[in-house]
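Please open the structure in your viewer and keep the sequence panel beside it, so that each selection can be followed in both. The tour goes from stop to stop, naming what to select and then what is there.

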Amino acid sequence: MKKKQLFILAFLLVLATILLPEVQHLLSLDLNDTTTILAAGPAFAPLKWNMGKNNMAGYKGHILFVPEEAAITVPTVPDPEKAADNTELITAAGSFTFAEGSIKQPVYLYSTEGEVEYKAEPQGEVDGISFKQTLSFFFPGNTPGMHAFNAMVKNTRGYYIFEDPEGNQMILGQPGLTGSLSPSFNGGKARADRRGTTYTVTADSNYSAIFLATPIDMEVIGGNKPAPAPQG
């Protein structure tokens, strides 16, 4: 009987050693903070609005385009089960690298001010809802360069980067779910009509928006300012 009691005591000591860290963690939680009792990783959290916060709509008049076949690596969101928190869930980390002989950096695209629009509409049935992401913008004029771009891009899938007024950069397209662009040219009729191409990009996604972890200097790529001098 004594050996049995010693065995039970030893078992309980081992069990207590295993459970002690978890017990200490639970005791340390602030139970008034609902976010602390959720599991690690992405979780529902309150959506709060700070009074006086800026909320200007629209996007800046420049976009970057990367053809799918030109990119070896792409900024990508993590597997949902591996995301550390809510922010990481919808943030694309990493950078573009390009295949030898392809473009060396994203292609800069100008858009008329106030013509860049982005929206994400729900699609699918119950238990299978995703988003149809749509990015549209407008390039003015009737130039050979624009029509050449239209000819090449119409059947070329890829990735598109755009920027909101606060400087947050977003990416449309992920590996396997790249964006498809449809150009629509209108030369106008009356002298006062608008002339140019309207571009509409669509992509399927599990997310209503994906942000870039490392922003790209669009002004440098567009040639609007010099690249920073190399360090060292």
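Is serine 130 buried or exposed? Select serine 130, keeping in mind that you are looking at a predicted model, and you will find that serine 130 is buried, with a relative accessible area of 17%. Residues count as buried when this value is under 20%, and that cut-off returns at several of the stops below.

**The sheet around serine 130**

Serine 130 lies in strand β7, and, leaving out residues up to four places away in sequence, serine 130 touches Glu121, Pro122, Gln123, Ser205 and Asn206. Add glutamine 123 to the selection, for serine 130 in β7 is the bridge partner of glutamine 123. If you now display β6 and β7 as a cartoon, you can follow their antiparallel pairing, which extends over seven bridges.

Widen the view until you can trace an open sheet of four strands, which has the order β6-β7-β11-β10 and antiparallel pairing. The strands β6 and β10 stand at the edges with a single partner strand each, so one side of each is left without a neighbour in the sheet. Neighbouring strands of this sheet are turned against each other by 20° on average, when direction is ignored.

Before leaving these strands, select aspartate 127, which is found in the loop between β6 and β7. Aspartate 127 is exposed, with a relative accessible area of 82%, and has a positive phi of about 75° although it is not a glycine.

**Aromatic rings**

Next, show the side chains of the aromatic residues, among which the structure holds ten aromatic pairs. For one of them, select tyrosine 118 and phenylalanine 162, whose ring centres are 4.9 Å apart and whose planes meet at 40°, so the pair is tilted. This pair links distant parts of the chain, since tyrosine 118 belongs to strand β6 (residues 117-123) and phenylalanine 162 to strand β8 (residues 158-163), 44 residues apart. Tyrosine 118 is buried at a relative accessible area of 12%, and phenylalanine 162 is buried at 0%.

Now select Phe65, Phe137, Phe149, Tyr160 and Tyr199 together, which form one aromatic cluster. Then turn to phenylalanine 138 and arginine 194, where the charged end of arginine 194 sits over the ring of phenylalanine 138, 3.8 Å from the centre of that ring.

**Helix α3 and its two faces**

Which residues of helix α3 are buried? Select residues 144-153, the extent of helix α3, and pick out Met146, Phe149, Asn150 and Val153, which are its buried residues. They cover an arc of only 100° around the axis, which puts them on the same side of α3. An α-helix has 3.6 residues a turn, so residues three or four places apart point the same way.

The buried residues of α3 pack against several strands, including β1 (62-67), β5 (107-110) and β7 (130-140). Rotate the view to the face of α3 turned away from this buried side, and you will meet the exposed residues Pro144 and Met152.

Stay in helix α3 and select histidine 147, which is found there and which counts as partly exposed at 31% relative accessibility. Not counting residues up to four places away in sequence, histidine 147 touches Asn142 and Phe185. Histidine 147 and phenylalanine 185 are 38 residues apart in sequence but 8.7 Å apart in space, C-alpha to C-alpha.

**The hairpin and the loop after it**

Select β8 and β9, which form a hairpin with five residues between them, and look in the turn for glycine 167, which has a positive phi of about 90°. Four bridges join these antiparallel strands, β8 and β9, and isoleucine 161 has isoleucine 171 in β9 as its bridge partner. With the side chains of β9 switched on, Gln169 and Ile171 point one way while Met170 and Leu172 point the other way, and all are buried. In a regular strand the side chains alternate between the two faces of the sheet.

The last stop is threonine 178, which is found in the loop between β9 (169-172) and β10. Threonine 178 is buried, with a relative accessible area of 3%. Leaving aside neighbours within four places in sequence, threonine 178 is in contact with Glu68, Arg157, Gly158, Tyr159, Gly173, Thr202 and Ala203.

Key:
Residues numbered from 1 in each chain as written. Predicted model: local features only at pLDDT ≥ 70, side-chain atom pairs only at ≥ 80, totals over all residues. Heavy atoms only, no water. Phe/Tyr/Trp six-rings, centres within 6.5 Å; stacked < 30°, edge-to-face > 60°. Buried < 20%, exposed > 50% of the residue type's maximum accessible area, 1.4 Å probe, protein only. Lys NZ or Arg CZ within 6 Å of the ring centre and 35° of its normal. Arc of directions from axis to C-beta. Contact = heavy atoms within 4.5 Å. Pairing = 2+ DSSP bridges. Axes fitted to C-alpha atoms, helices over the stretch in contact; angles between N-to-C directions.
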